[in-house]
Amino acid sequence: MLGARIVEKHFTLNRAMKGTDHAFSLEPQGMQKMVRDLRRVRAAYGRRQEKVYETEAAPITKMAKKLVAARDLAAGHVLSEDDIAAKSPGDGLPPYELDRLIGRRLKSPVTRSWP
């Protein structure tokens, strides 16, 4: 489910009525249109879970990226952004996990695994 969103909008029965809020408020028909459009936005978000079709799996993996060592790194080295590169294919740790790696100390040496 999408997170809750709050929309605040003044509404009135007649925008010509006296008072400061009436002129910029929505009349009933405008309010109906706004509610309709907000429901369309929710529908446009679609489902949160994407379905990957069998025919898409290989191209997605081929074009996606994984995190790799940018150079040979010794055991005990503390990882920085310069130590990590993103390379294809995407058959490893995805790039959105980068922040989890920065500042971590290596328990064993890591070798650069790409040309």
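This passage walks through a pocket, a lysine and a nonpolar core in a predicted model.

Start with the second largest pocket, which has a volume of about 190 Å³. Its lining is made up of 13 residues, and those closest to the centre are Leu67, Val68, Ala69, Leu101 and Val110. Strand β1, which covers residues 66–69, is the biggest contributor to this lining, giving three residues. Sorted by character, the lining comes out as ten nonpolar residues, two polar ones and just one charged.

Strand β1 also holds lysine 66. Is lysine 66 buried or exposed? Its relative accessibility is 19%, and the cut-off for buried is under 20%, so lysine 66 counts as buried. The side chain of lysine 66 pairs up with that of aspartate 91 through a polar contact of 2.7 Å. Leaving aside residues up to four places away in sequence, lysine 66 touches Ala85, Ala86 and Lys87, along with Pro89, Gly90, Asp91, Gly92, Leu93 and Pro95.

Then there is the largest nonpolar core, a set of eight residues: Leu67, Ala69, Leu73, Leu79, Ile84, Leu98, Leu101 and Leu106. At least two of these core residues come from β1, and at least two from α3 (98–101). Leu67, Ala69 and Leu101 belong to this core, and these three residues are also among those closest to the centre of the second largest pocket. Leucine 106, another member of the core, touches Leu73, Ala74, Ala75, Gly76, His77 and Leu79, again not counting residues up to four places away in sequence. Two of the residues it touches, Leu73 and Leu79, are core members as well.

How values were computed:
Residues numbered from 1 in each chain as written. Predicted model: local features only at pLDDT ≥ 70, side-chain atom pairs only at ≥ 80, totals over all residues. Heavy atoms only, no water. 1 Å grid on protein atoms, 1.4 Å probe; cavity = no way out; pocket = protein on both sides within 12 Å on 5 of 7 lines; lining within 4 Å. Points joined across faces, edges and corners; volume = space filled by probe spheres on them. Helix = DSSP H or I, 4+ residues; strand = E, 2+ residues; numbered from the N terminus. Nonpolar A, V, L, I, M, F, W, Y, C, P; charged D, E, K, R; others polar. Buried < 20%, exposed > 50% of the residue type's maximum accessible area, 1.4 Å probe, protein only. Polar contact = N/O pair within 3.5 Å; in protein donor to acceptor, adjacent residues only side chain to side chain. Contact = heavy atoms within 4.5 Å. Core = buried A, V, L, I, M, F, W, Y, C linked by side-chain atoms within 4.5 Å.
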